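Hi,

Here is the structure I said I would pass on to you. Have a look at it first, and then read my notes underneath.

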Amino acid sequence: MQMKTLLVLSLFIGMPALASCPDAPDIKTDLDLLIEQANGAETEMAGREVSGQMWQLWLKAPDEVSQEALDKGMRARANYDFVAAMEAFEILVDYCPFYAEGFNQRAFVLFLQQDFEAALVDLDQALVLSPKHVGAQSGRALTLMNLGRLDEARTQLQDALKNNPWLSERFLLSPGGPLAVQGEEI
């Protein structure tokens, strides 16, 4: 990590300037179990409960320092303070380059700012780090859709739905939806 980033990080969240981010938590086994539960859920309520449990896994940062940066960025984004959100997520990604959620959250801010090309870069990185990250998968589908790359968006959303069939974005594939397969009738 660059010394400048460490100094900014230490000022940002009051941490020692020479700290380094530990490895991201290994959530693969837990996530696989939740994917299985999502696919077996019989109601939307049950499916949404499992979705919430998936988010709890992704939103557990590697350490206290990264958790604080993640939480600050998410609070800023929720308040539409995209400048502060981007600052927090930039610090998080620089500090923890192996933590997928940092890239996913930064991509979400970029998406909200309609910088779809930059969002796609971060979503791709999040998926390299966590291939079954359903939030990044569905976010990537929405980003591709906004870029007019509908075939890729459709394929990405179908992949996401294999991991969680209860995503609200599933309706984009319904007849008449923007990602519906053309030429198929009800």
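Before the surface numbers make sense, you need one definition: accessible areas here come from the Shrake-Rupley method with a 1.4 Å probe. Also keep in mind that this is a predicted model. With that in hand, the accessible surface of the protein chain is about 10000 Å², and carbon and sulfur atoms own 55% of it.

Now the overall picture. The protein chain has 9 helices and 0 strands, so if you walk along from the N terminus you meet α-α-α-α-α-α-α-α-α, in the sense that helices are DSSP runs numbered from that end. There are 186 residues in the protein chain, and 45% of them are buried. If you take the contacts with a separation of 6 or more, 57% are between residues 24 or more positions apart.

Two helices are worth a closer look.

Start with α5, which covers residues 82–95. How far apart should the ends of its 14 residues be, at 1.5 Å a residue? The expected span is 20 Å, and the end C-alpha atoms are 19 Å apart, so the two agree. As for what is tucked away, the buried residues of α5 include Phe82, Met86, Phe89, Ile91, Leu92 and Tyr95.

Next comes α6, residues 100–112. Its 13 residues reach 19 Å from the first C-alpha to the last, close to the expected 18 Å. This helix is mostly covered, with 10 of its 13 residues buried. Among them are Phe103, Val109 and Leu110, but also Glu101, Asn104, Gln105 and Arg106. Which helices help to cover the buried residues of α6? The cover includes α3 (44–58), α4 (64–78), α5, α7 (116–129) and α8 (134–146). After α6 you come to Gln114, which has a positive phi, near 60°.

Last, try finding Lys60, in the loop between α3 and α4. Is Lys60 buried or exposed? Its relative accessible area is 51%, and exposed means over 50%, so Lys60 counts as exposed. Lys60 still has partners: setting aside neighbours within four places in sequence, Lys60 is in contact with Pro25, Gln67 and Tyr99. You can also check Ile27 on your screen: Lys60 and Ile27 are 33 residues apart in sequence, with 9.7 Å between their C-alpha atoms.

Cheers

Methods:
Residues numbered from 1 in each chain as written. Predicted model: local features only at pLDDT ≥ 70, side-chain atom pairs only at ≥ 80, totals over all residues. Heavy atoms only, no water. Helix = DSSP H or I, 4+ residues; strand = E, 2+ residues; numbered from the N terminus. Buried < 20%, exposed > 50% of the residue type's maximum accessible area, 1.4 Å probe, protein only. Contact = heavy atoms within 4.5 Å. Expected span 1.5 Å × (residues − 1).
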